[in-house]
Amino acid sequence: MVVLSKLFKDGLEKGLQCSDLTHSGSCKQNVTLNTYKFLISNLKYFAPVIFLPLLVHLRSLNKKMLKDTFQYYIGAVAAGTTTGWCIMAMICLLRHVFGKFGYYTTAFLPSLIGSFATWAIPSPKVHRLYETSVFQCTIESFILQRKTMLTKLIAESKLLRTFIFMCCSSLIMNAKQEKSYRGFWLLQPTPTTTLVHPKNQAALNEEAEEESVHLLKPCSHKISSCVRYALQGAKTYFILGLTLDLIKMLMSKVATSEKGFMTKLLAKTGNFKIHSCALLTTYVTFYRLVHCYFNRVCGADTKLNHTAAAFLSGSSFIFYPKLTLFCYALVLGIQISWQHLEVYLSNEHEDAFEWIKNIPFSKLFYSLCLAYLVNTYCLRSRYVSGLGATIINGITNNYAKTINGNIERIEQQLASRSPSL
Ligand SMILES: [Zn+2]
Ligand SMILES: [Zn+2]
């Protein structure tokens with residue numbers, strides 16, 4: 001294995017042109033051609049990412065929801081195309097400015113500068129999608145590298161991952177119930193009128209009036225029987241999980257030389273696993289039963305009951321302890337904890353905290369994380385998860401994959417010339 005610094009000194013910095021590493025043809029041609037290629041790649045990548053979560057709301061789907069989702073899709077595609085395009089253009093530009101591919105100017109600096117293009121799309125929802133995905137993949141990359149004691153422990157211990165997931169589950173489910181977090185999560189919490197986030201008081205007044213009749217009962221769900229309520233959740237999430245597992249199976253790749261739709265489909269059935277189905281069904285059933293049980297024991301639906309139910313039901317993660325899902329929960333958990341800290345500091349130390357609130361931490365972290373992620377993928381793709389690679393290549397039409405392939409090829413050539421390295 002060639003050491004990266006050696007690779008850049010002996011290989012990449014020695015007068016390599018763009019055509020040796022990033023693209024064929026001239027830089028101008030490449031930038032023009034890739035504009036529409038990036039657009040098509042983003043359209044393809046974001047279609048399942050944005051439209052599949054609609055499955056959860058299939059029964060309550062309406063015109064407004066479809067319109068909002070379509071606008072969200074267009075915003076995500078525009079942000080991806082612009083960001084990918086800027087990074088690609090910066091790679092060429094920096095090579096021309098410095099006259100060579102340097103350690104930081106090949107992928108890190110172009111991605112850092114290009115990341116600011118994401119903010120050109122004025123949609124907080126799109127910004128949240130990009131931030132969450134990039135933070136999630138960066139944490140996953142750190143865990144995959146196992147360079148610290150903590151990341152090593154998380155990578156090797158299912159129990160530790162499950163415990164952290166349980167903590168995140170309680171934070172996320174509470175935030176969903178208070179409506180301070182409206183993004184995607186595996187479960188929809190039982191609506192309640194007793195937990196109201198201060199920011200959403202006005203918005204919830206109407207709902208509170210509608211559901212005030214349920215305040216007299218220990219549980220706030222509309223179905224009269226708790227067991228029936230849990231079974232209804234199990235049925236809905238069983239179908240949803242099964243659909244997701246089927247989609248995953250259909251999208252999986254199979255190594256078969258034979259052609260034909262049916263032959264490939266039969267080969268793919270071997271990849272069918274009921275992971276999502278098992279996780280979602282257990283999670284929702286456990287959550288609803290435990291929550292109802294606590295409500296009945298205490299005689300009322302309290303925040304503590306809900307937190308405990310969401311925490312305990314998070315243990316179903318043990319059935320499907322996937323690192324990608326763990327990192328998603330962890331990012332949401334950290335974001336929600338930060339929100340709580342902001343509210344606390346604003347209330348307790350309003351003057352002293354005011355200047356910190358104005359620093360765009362998430363934007364700064366996003367740029368650094370994106371630059372780190374693209375740089376790691378281009379130089380050492382094995383340290384980036386499958387999801388990270390799919391996102392990077394989906395947005396850049398496999399541009400990063402080409403750079404990584406060329407770097408590995410140059411690395412092999414150098415290694416064959418100097419076997420001692
Ligand atoms: Zn170029
Ligand atoms: Zn109940």
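Start with the whole protein chain on screen: of its 421 residues, 33% are buried. You're looking at a predicted model, so colour the chain by confidence before going further. The average pLDDT is 84, and 89% of the residues score at least 70. Two stretches drop below 50. Select residues 195-201 and you'll find a pLDDT below 50, with 14 contacts in the model beyond near neighbours in sequence. Now select residues 207-215: the pLDDT is again below 50, and this stretch has six such contacts. Where pLDDT is low, the predicted coordinates should not be read in detail.

Switch to a cartoon view. How many helices and strands does the secondary structure come to? You should find 18 helices and zero strands. The chain also folds back on itself: among contacts between residues at least 6 apart in sequence, 72% join residues at least 24 apart.

**Stop 1: the core**

Select V134, I172, A329, L373, V374 and C378, and show their side chains. These have the most contacts inside the largest nonpolar core, a set of 74 residues. Try colouring domain 1 (4-151 + 361-417) one way and domain 2 (174-252 + 260-331) another; the core lies between them, because both domains give residues to it.

Stay on C378 for a moment. Leaving aside its neighbours within four places in sequence, C378 is in contact with T106, A107, A400, I403, N404 and I407.

**Stop 2: helix α14**

Next, select residues 323-348, which form helix α14. Does the length of this helix come out as it should, or not? At 1.5 Å a residue, its 26 residues should span 38 Å, and the end C-alpha atoms sit 37 Å apart, so the two agree.

Now pick out the run F326, C327, Y328, A329, L330, V331 and L332 within α14; they are buried. What covers them? Bring up α6 (124-145) and α8 (158-178), which are among the elements covering the buried residues of α14.

**Stop 3: the record's transmembrane regions**

Time to overlay a database annotation. An unreviewed UniProt entry lists residues 38-58, 70-94 and 101-121 under "transmembrane region". Select residues 38-58 and you'll see a span that is 67% helix and 0% strand, with its end C-alpha atoms 31 Å apart. Then jump to residues 101-121: here the chain is 33% helix and 0% strand, and the end C-alpha atoms are 30 Å apart.

**Stop 4: the loop with K273**

Move along to K273, in the loop between α11 (261-268) and α12 (275-298). Buried, exposed or in between? K273 has 13 C-beta neighbours inside 10 Å, so it counts as partly exposed. Draw a distance from its C-alpha atom to that of L242: the two are 31 residues apart along the chain, and the atoms are separated by 9.2 Å.

**Stop 5: two asparagines in a loop**

Finish at the loop between α17 (386-396) and α18 (399-417), where N397 sits. N398 is in the loop between α17 and α18 too. Most residues other than glycine have a negative phi. Check the backbone here, though: N397 has a positive phi of about 50°, and N398 has a positive phi of about 65°.

Which of the two is buried, and which is partly exposed? N397 is buried, with 22 other C-beta atoms within 10 Å. N398 has 15 other C-beta atoms within 10 Å, so this residue is partly exposed.

Key
Residues numbered from 1 in each chain as written. Chains lettered and ligands numbered in written order. Predicted model: local features only at pLDDT ≥ 70, side-chain atom pairs only at ≥ 80, totals over all residues. Core = buried A, V, L, I, M, F, W, Y, C linked by C-beta atoms within 7 Å. Buried ≥ 20, exposed ≤ 12 C-beta atoms within 10 Å, placed from the backbone. Domains from an automatic or database assignment. Contact = placed C-beta atoms within 7 Å. Helix = DSSP H or I, 4+ residues; strand = E, 2+ residues; numbered from the N terminus. Expected span 1.5 Å × (residues − 1). UniProt positions renumbered as here; feature names shortened; annotations may be inferred. pLDDT = per-residue confidence, 0-100.
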